[in-house]
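Colleague: Before I trust any labels on this one, I'd like to go through them with you. Can we put it on screen?

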Amino acid sequence: MDIAVIGTGYVGLVSGICFAEMGNHVTCVDQDINKIEALQNLASPIYEPGIETFMERNVQAERLKFSSNLIEAVRQSELIIIAVGTPSLPSGEANLQYIEQAAGEIGRAMNGRKIVATKSTVPVGTNEKIRQIIAGQTEQPFDIVSIPEFLREGSAIQDTLHPDRIVIGLDNRELEATMVELHSSFTDQIFVTDIRSAEMIKYASNAFLATKISFINEISNICEKVGADVTEVALGMGKDPRIGPSFLNAGIGYGGSCFPKDTKALIQIAGNVNYEFQLLKSVVEVNKAQRYKVIEKLKQSLGQLNNTVIGIWGLSFKPNTDDIREAPSIEIIEALIGLGARLKLYDPVAMGKFKDSFDHPSITWCANALDAAANADAVCLLTDWQEFKEISLSQLIYVMEQPILIDGRNVYSKEQIEGAGLHYYSIGRPEPIPAFRSQVHVG
Ligand SMILES: NC(=O)c1ccc[n+]([C@@H]2O[C@H](COP(=O)([O-])OP(=O)(O)OC[C@H]3O[C@@H](n4cnc5c(N)ncnc54)[C@H](O)[C@@H]3O)[C@@H](O)[C@H]2O)c1
Ligand SMILES: O=c1ccn([C@@H]2O[C@H](COP(=O)(O)OP(=O)(O)O[C@H]3O[C@H](CO)[C@@H](O)[C@H](O)[C@H]3O)[C@@H](O)[C@H]2O)c(=O)[nH]1
């Protein structure tokens, strides 16, 4: 099939590459000319394991190209996929300006029958709005389909090539066979439903996963007070198939471009029909408070933080991505600077993006994890990158001023910590007996 993907962010780029991988001819379009130029030179604007290999292979096979010419791409294609951003407005509501602009441009470019499918996460009723906008621009016949996207950053290619399920929302049943066939090379778990339900499935799924995270984080806070270990609790809970083991990792809470924005948008979607989504409001509040656990634990171990040197391990909102959108690290770093701490920052891939959006005289940018820990009074682990799990704890103690490690993602096992000589604080786990009671070091 000839496909145009409008918007070459995470979703547009990865789904474009994967549709090409399955033998379709795909043009990925973006209004950001710099992005298109980089892509034409086979440089990915996002860090995603394996992406450049897949991109190169499909470009060389002439199944994938990148363009800033939306009109041409629409005219050459049978299926147009909208994958532009839907960021939050200050009210929390989804900003549909990019969706509306793309729909208008698609309508004006139409030269024959098309299917217009939306992969962006959009409030219920938005596909209807897209239909009206396009119909206002063209006499050409077209169909509207909702195909919400469920990929995760850091495993986006594998998630797209081997999804757990694909949801297709449509109102013209004649399209069902075409849309199912297009996706059948990815999985046979294809769920076809109406458009409004498909739009809601996306928000409900993200809200449910965010709820699981806030739930286990609250359990972890109670575990700390009653002397239980949240990692054991999560393992035990997860053995019940009705609960399942995933998304029960306690830590400093969720971040990223989706959960924070989509939970707020769903609260607004409910609010617009006079329904107060109390549970989800609490999920958001719990998540916001949870990132401050790191600072609480720093204060507990160091007393006051003015003039202390704190190493920060991890800036991206999760491992295997350079995305720092709504990363808990941002708020934690701002708060620590406000408390007078001097910070040594390290992330395997996200330092460039972080520095572009946030820099401060109190920050030193470091070349590796041990460099960030050197002469520090404490190290805070904020992202569970594999390389932090593999660090030599004896070397860590050797380079630090005081061997205090605040593990915001519970990455180290009891066995690794016991006898390591660290003063170790994690989330929702009993504190191991400290190797020694450290002296507060100020300046
Ligand atoms: N990032 C994820 O992991 C993920 C996963 C599932 C769903 N989603 C949803 O998918 C959508 C896209 O997310 P993203 O992270 O890829 O967004 P993004 O902001 O990274 O990228 C969007 C791209 O669209 C381009 N764009 C905007 N208007 C355009 C227009 N009229 N013509 C051409 N290009 C245009 C922008 O220049 C930008 O490059 C959002 O609704 C998001 O909620 C994202
Ligand atoms: O047990 C867990 C699992 C995740 N997280 C945090 O939750 C956030 C989101 O993680 P994850 O869901 O793996 O990454 P995303 O790439 O944001 O993917 C989510 O958001 C996407 C955009 O809508 C959806 O497509 C995906 O299905 C959905 O998992 C990250 O900050 C994680 O550190 C936890 O704190 N504990």
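Colleague: Which helices each supply at least two residues of the shell around ligand 1?

Modeller: Helix 1 (10-21) and helix 5 (97-109) do. Bear in mind that this is a predicted model. Helix 5 has the largest share of that shell, with 4 residues.

Colleague: What makes Tyr10 and Lys261 part of the group around ligand 1?

Modeller: The cut-off is a heavy atom within 4 Å. There are 27 residues around ligand 1, and Tyr10, Asp30, Lys35, Thr86 and Lys261 come nearest. The shell also draws at least three residues from each of domain 1 (2-193) and domain 2 (202-289).

Colleague: Why is the pair between threonine 86 and ligand 1 called a polar contact?

Modeller: A polar contact is a pair of N or O atoms within 3.5 Å. An N or O atom in the side chain of threonine 86 sits 2.5 Å from an oxygen atom of ligand 1, so the pair qualifies. With threonine 121, a polar backbone atom is 2.9 Å from a ligand 1 oxygen atom, so that pair passes too. For glutamine 31, a backbone N or O atom is 3.2 Å from a nitrogen atom of ligand 1, so this one also counts. As for cover, ligand 1 taken alone exposes 840 Å², and the protein buries 90% of that.

Colleague: What makes strand 6 largely enclosed by the rest of the structure?

Modeller: Buried means under 20% relative accessible area. In strand 6 (residues 142-146), 5 of the 5 residues are buried, so the strand is largely enclosed. Both faces are covered: Phe142, Ile144 and Ser146 are buried on one side, and Asp143 and Val145 on the other.

Colleague: Why do strand 5 and strand 6 count as paired?

Modeller: Pairing needs at least two bridges. Strand 5 (residues 114-118) and strand 6 are joined by 5 bridges, so they count as a pair, and they run parallel. Isoleucine 115 stands opposite aspartate 143 in strand 6.

Colleague: Over to ligand 2. How do you know that lysine 202 makes a polar contact with ligand 2?

Modeller: Same reasoning: a polar side-chain atom of lysine 202 lies 2.8 Å from an oxygen atom of ligand 2, and the limit is 3.5 Å, so it counts. Taken alone, ligand 2 exposes 690 Å², of which the protein buries 91%.

Colleague: Which helix gives the most to the shell around ligand 2?

Modeller: Helix 9, with 3 residues. By class, the shell around ligand 2 has 9 nonpolar, 4 polar and 7 charged residues.

Definitions and conventions:
Residues numbered from 1 in each chain as written. Chains lettered and ligands numbered in written order. Predicted model: local features only at pLDDT ≥ 70, side-chain atom pairs only at ≥ 80, totals over all residues. Heavy atoms only, no water. Polar contact = N/O pair within 3.5 Å; in protein donor to acceptor, adjacent residues only side chain to side chain. Areas by Shrake-Rupley, 256 points an atom, 1.4 Å probe, with all protein chains shown as cover. Domains from an automatic or database assignment. Buried < 20%, exposed > 50% of the residue type's maximum accessible area, 1.4 Å probe, protein only. Nonpolar A, V, L, I, M, F, W, Y, C, P; charged D, E, K, R; others polar.
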